[in-house]
Amino acid sequence: GTWMQETAQNWLIYMLTGKALFLSLNSALGTAPILLFSLLGGVVADRVDRRKILMTSQWLQLTFAFTLAIIAAIKLQTVWPILVLSFATGCAQAFGGPAYQALMPILVGRKEDVPNAIALNSMQFNLARTFGPVFGGLVLSIMGASEKSLTSTAAAVCFTLNGLSFVAVVIALSMLRIQPVTRDANQGKNLRNEMKQGLSFVFHQEALRTLILLSFSATFLGIQFITFLPVFATKYLNSGVGGYSALLSV
């Protein structure tokens, strides 16, 4: 659902504006909260029931997806509400992401099974990232997303399907039976100190430093070109939304 929305949203923005600038602005607004608030989200996940954080994050993202669907359905000819919702969705993900990562080891009964669980989690994420754009492109293509008005209607369907997909996640989370987070009474209560301790721990672990540097380099220097795939598909490949979704999946 999320990758269907990503596909439709970028295509809609480019159809409405015809400018790569707004694609980059949308990407920046969506990822800025994750950069700014994820450390805080990690500290909050150590203090608050992670399932509750995740439930709140999912409900917020569901609401934002349906709001996007309404905006697209009424064919609003401005991108600014879409950009605002991208920022709001990023804020929800900034707190939901750390809680999700911290919850996973708790769900695994034996410590030696954690690497397998992490591998399975990575596999399902990348499968969704591969097939989501295909489904999004199919919906856009079937509904004839070639003109601005048709693009808005097709995008509204993708946004609605994404909103509905969160229902499955909420149901799954409601079925989990896990112990709430317990904190040592002697543990510090200062959020800033806890963030400093986390950063200090990572800094003094050579393997973690290396992995973070690799991840940052790949994201900062490489992955962001995905943002401009609608431009490549239309201007250089003349392939339309089908080619765009195929590029995104590859």
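Is Arg192 buried or exposed? I started my notes with this residue, and the answer is exposed, because its relative accessibility is 59% and the cut-off for exposed is over 50%. I should write down right away that I am working from a predicted model.

**Entry 1: Arg192 and its surroundings**

I looked up where Arg192 sits, and it belongs to helix H7, which covers residues 191-203. Then I checked a distance from it to Ala233. Those two residues are 41 apart along the chain, and their C-alpha atoms are separated by 45 Å.

**Entry 2: the whole chain**

Next I stepped back to the fold. I count 10 helices and zero strands in the protein chain. Reading along the sequence, I get α-α-α-α-α-α-α-α-α-α.

I wanted to know how the overall spread compares with a globule. The radius of gyration is 20 Å, and a compact globule of 250 residues would come out near 18 Å, so the two agree. Along the principal axes, the C-alpha atoms fill a box of roughly 60 × 35 × 35 Å.

I also noted the surface. About 14400 Å² is exposed, and carbon and sulfur atoms supply 68% of that. Of the 250 residues, 34% count as buried.

For contacts, I looked at pairs at least 6 apart in sequence. Of these, 78% join residues at least 24 apart.

Last item here is charge. The chain has 17 positive and 9 negative charges, and I find their mean positions 8 Å apart.

**Entry 3: the cores**

Which residues touch the most other members of the largest nonpolar core? I get Leu12, Ile13, Leu140, Phe159 and Tyr244, out of 32 residues in that core. The elements giving two or more residues to this core include helix H1 (2-17), helix H2 (20-45), helix H5 (114-142) and helix H10 (240-249). H1 gives the most, with eight residues. I also found a second, separate core of eight residues, and Ala45, Leu54, Leu103 and Leu173 are among them.

**Entry 4: Gln9, Asn26 and Ile82**

I went through these three together, since they turn up in one another's contact lists.

Gln9 is in helix H1. I put Gln9 down as buried because its relative accessibility is 8%, and the limit for buried is under 20%. Leaving out residues up to four places away in sequence, Gln9 touches Asn26, Leu68, Ile82, Ser86 and Phe159. Phe159 is a name I already had from the large core.

Asn26 is in helix H2. At 7% relative accessibility, Asn26 also goes down as buried. What does Asn26 contact, leaving aside its neighbours within four places in sequence? My list reads Gln9, Asn10, Ile13, Ile82, Leu83 and Ser86.

Ile82 is in helix H4. With a relative accessible area of 2%, Ile82 is buried. Skipping residues up to four places away in sequence, I find Ile82 touching Gln9, Leu12, Ile13, Leu16, Asn26 and Leu68. I also looked at Ile82 against Ile71: they are 11 residues apart in sequence, and 8.0 Å apart in space from C-alpha to C-alpha.

So the three contact one another: Gln9 touches Asn26 and Ile82, and Asn26 is in contact with Ile82.

**Entry 5: Lys75**

Where is Lys75? I found it in the loop between H3 and H4. What caught my eye was the backbone: Lys75 has a positive phi of about 55 degrees, although it is not a glycine. I have Lys75 as partly exposed because its relative accessibility is 34%, and partly exposed lies between the 20% and 50% cut-offs.

**Entry 6: Met195**

I finished back in helix H7, where Met195 also has its place. Met195 counts as partly exposed, at 23% relative accessibility. Which residues does Met195 touch, not counting those up to four places away in sequence? I noted Leu39, Leu40 and Val43. I ran one long-range check as well: Met195 and Glu6 are 189 residues apart along the chain, and their C-alpha atoms are separated by 31 Å.

Notes:
Residues are numbered from 1 along each chain as its sequence is written. This is a predicted model: local features need pLDDT of at least 70, side-chain atom pairs count only at pLDDT 80 or more; totals for chains, interfaces and linings use all residues. Side-chain values use heavy atoms; hydrogens and water are left out. Helices (H or I, at least four residues) and strands (E, at least two) are DSSP runs, numbered from the N terminus. The radius of gyration is taken over C-alpha atoms; the globule rule is 2.2 Å times the number of residues to the power 0.38. Buried means under 20% relative accessible area, exposed over 50%, partly exposed in between (1.4 Å probe, protein chains only). Contact means heavy atoms within 4.5 Å. Accessible areas come from the Shrake-Rupley method with a 1.4 Å probe; for residues, only the protein chains shown count as cover. Lys and Arg count as positive and Asp and Glu as negative; His and the chain ends are not counted. The place of a charge is taken as NZ of Lys, CZ of Arg, CG of Asp or CD of Glu. A nonpolar core is a set of buried Ala, Val, Leu, Ile, Met, Phe, Trp, Tyr and Cys residues joined through side-chain atoms within 4.5 Å.
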